[in-house]
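Biologist: Could you take one part of this model and walk me through it closely? I'd like to hear what sits around it and how it ties in with the rest of the chain.

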Amino acid sequence: MTDICGAPNVITDPLELRTYECDGLTSHRATPALVVLPSTAEEVAGVVALCAEHGVPFVARGSGTGLSGGAVPHSEGVLIVMSRMRRVLEVDPVARRAVVEPGVTNLSVTEAVRSYGLFYAPDPSSQVVCSVGGNVAENSGGAHCLKHGFTVNHVLGLEIVTPSGELTWLGDGTGVVSGYDLLGAFTGSEGTLGIATKIIVKLTPAPEAVHLVLAAYDSLEAGGRAVSDIIGAGIVPAAIEMMDALSIEAAEAAVHCGYPEGAAAVLLVELDGPAAEVEAELATVHSLCEKAGAREIRAADDPVERAGIWAGRKSAFAAVGRLSPAYIVQDGVVPRTALGDVLARIWALSQEAGIRVANVFHAGDGNLHPLVLYDDASAAETEAAEVLSGAILDTCIEYGGSITGEHGVGIDKSKYMPKMFSPADLDTMQLVRCAFDPANLCNPGKIFPTPRLCGEVPGPRRGAHPAAAAGVEIF
């Protein structure tokens with residue numbers, strides 16, 4: 001490895017290795033055998049080829065902000081950290097695209113193209129620190145995905161290193177797909193199909209006008225009615241976000257966002273587009289929020305004022321650390337029409353478990369982020385929090401939703417995959433993985449609860465796993 005990346009970029013010291021033992025979900029940890037920090041695509045390819053030659057598992061890591069354990073390293077493998085590959089290589093304002101390296105932070109892309117009147121639309125709450133490469137791996141969304149779409153809608157091409165160490169391209173940078181959509185399959189594959197080394201992203205023209213509406217309510221149900229009414233009126237805001245009283249309390253303590261005191265729920269509705277259109281929609285949204293029972297409504301079109309309001313929502317995940325020594329950031333999706341029932345169920349589950357839950361969610365597309373607060377010094381409370389977290393996901397499935405909307409499956413949710421998918425479904429997904437990575441060396445142990453050996457005949461297993469019978473360790 002030192003011949004490929006240079007001795008200063010290879011970490012072997014046990015204490016330094018522990019720096020990389022987990023991602024943003026600290027409940028899953030493993031210390032890698034080796035960490036490398038490549039600076040070029042060719043170095044990444046060289047490292048992967050060496051791993052493939054010797055049958056060594058490897059995991060790619062971006063900024064480490066993931067929340068599903070997707071970048072947890074393999075204890076007997078190599079962790080490839082992409083954070084030094086952080087250049088914006090090219091900006092084409094006419095074609096409205098840019099070529100960036102995977103370690104570039106999300107917000108840096110917008111900052112690099114702002115002078116052209118353009119921006120990069122996907123905006124996870126961690127956009128100041130999360131990497132575009134990580135966003136590709138998880139198909140990240142963010143507050144504005146309701147109107148502008150997820151990462152997959154803004155990736156036009158990828159240079160990748162395959163699990164065998166080959167450097168190649170998926171997509172031609174135009175967004176036009178001929179044949180199988182390998183670009184779409186790779187985006188959101190959670191690092192199990194290869195490693196992105198260059199990303200061609202689509203840039204979006206900055207809107208002529210942006211208005212942000214804040215509406216405070218005495219109940220989550222009332223805020224939910226406003227959301228349904230807005231969408232029912234044919235309006236598609238750039239974002240519709242909601243926070244409950246507990247998350248408001250945390251945000252206020254952290255960033256002093258100035259949300260209305262005593263509100264049980266705060267709804268944020270952002271409208272963007274041509275000025276005349278936004279003005280018309282603003283009047284309708286104001287009326288609908290008022291009709292749903294808003295106790296206070298504010299509107300802001302000044303960028304600084306809007307940023308101040310958004311700061312409360314953007315800080316919510318980190319802010320709850322002021323209320324609890326530990327918490328689980330959950331991520332599930334339900335149909336928008338089921339929001340009220342699901343939130344009521346979460347409240348009931350919380351009361352039954354004696355564990356507090358702060359709710360922050362993308363109300364417009366039903367993507368929930370319940371924050372389960374607990375004391376990790378108590379083994380009983382830790383277990384109760386895990387049980388409650390699982391019950392919330394079960395509720396999402398029960399109401400026709402999903403176990404994840406943007407944080408990914410990783411290690412944390414792999415056990416829930418059989419609750420959503422049949423064995424035949426999971427086998428089909430594994431066939432895709434095996435087509436890219438027949439040796440199962442690329443981020444092994446993620447997504448699938450019981451990964452199959454590539455080449456194994458799909459169907460119910462009987463007796464010992466073929467790999468175990470052959471004396472092969474399954475990573």
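Modeller: Here is a close look at helix α11 and its charged residues, followed by some strands elsewhere in the chain.

Keep in mind that this is a predicted model. Helix α11 covers residues 303–314, and Glu305 is found in it. With a relative accessibility of 43%, Glu305 counts as partly exposed. Glu305 also belongs to a negative surface patch, together with Glu279, Asp301 and Asp302.

Right beside Glu305 in sequence comes Arg306, and here we get to the salt bridges. Arg306 pairs with Glu270, with the closest N and O atoms 4.0 Å apart. That contact links distant parts of the chain: Glu270 sits in strand β14 (residues 265–273) and Arg306 in helix α11, 36 residues apart. Both ends are covered: Glu270 counts as buried because its relative accessibility is 6%, and Arg306 counts as buried at 15%.

Lys314 brings in another bridge. Its partner is Asp123, and the closest N and O atoms are 3.4 Å apart. This pair spans 191 residues, from the loop between β7 (118–119) and α5 (132–138), where Asp123 lies, to Lys314 in helix α11. Asp123 is buried, at 6% relative accessibility, whereas Lys314 is partly exposed, with a relative accessible area of 24%.

For a pair outside the helix, take Arg295 and Asp218, whose side chains meet in a salt bridge at 3.3 Å, N to O. Arg295 lies in the loop between α10 and β15 (296–300), and Asp218 in the loop between β12 (209–217) and α8 (220–232), so this pair ties together parts that are 77 residues apart in sequence. Arg295 is partly exposed at 41% relative accessibility, and Asp218 is exposed at 56%. There's also a network of salt bridges linking Arg18, Glu21 and Arg29. The model's salt-bridge count comes to 13.

Helix α10 (residues 275–291) is worth a quick stop too, as the place of Glu290. Glu290 counts as exposed, at 52% relative accessibility.

Now for the strands. β18 (residues 357–362) is mostly covered, with six of its six residues buried. Val357, Asn359 and Phe361 point one way, while Ala358, Val360 and His362 point the other way. What does β18 pair with? Strand β13 (residues 239–244) runs antiparallel to β18 and is joined to it by three bridges, with Glu241 opposite His362. Strand β19 (residues 367–374) is also antiparallel to β18, over six bridges, and there Val357 stands opposite Val372. In the β18 and β19 hairpin, four residues lie between the strands, and Gly366 takes a positive phi near 70°.

Strand β8 (residues 155–161) is another covered one: seven of its seven residues are buried, so it is largely enclosed by the rest of the structure. Six bridges join β8 to the antiparallel strand β10 (residues 195–202), where Leu158 has Ile199 as its bridge partner. β8 also pairs with strand β9 (residues 167–170), antiparallel over four bridges, and Ile160 stands opposite Thr168 there. The hairpin of β8 and β9 has five residues between the strands, and Gly165 takes a positive phi near 100°.

Key: Residues numbered from 1 in each chain as written. Predicted model: local features only at pLDDT ≥ 70, side-chain atom pairs only at ≥ 80, totals over all residues. Heavy atoms only, no water. Patch = residues over 30% accessible without salt bridge, like charges linked within 9 Å, V, L, I, M, F, W, Y side chains within 5 Å. Areas by Shrake-Rupley, 256 points an atom, 1.4 Å probe, with all protein chains shown as cover. Lys, Arg positive; Asp, Glu negative; His and termini not counted. Charge placed at Lys NZ, Arg CZ, Asp CG, Glu CD. Helix = DSSP H or I, 4+ residues; strand = E, 2+ residues; numbered from the N terminus. Buried < 20%, exposed > 50% of the residue type's maximum accessible area, 1.4 Å probe, protein only. Pairing = 2+ DSSP bridges.
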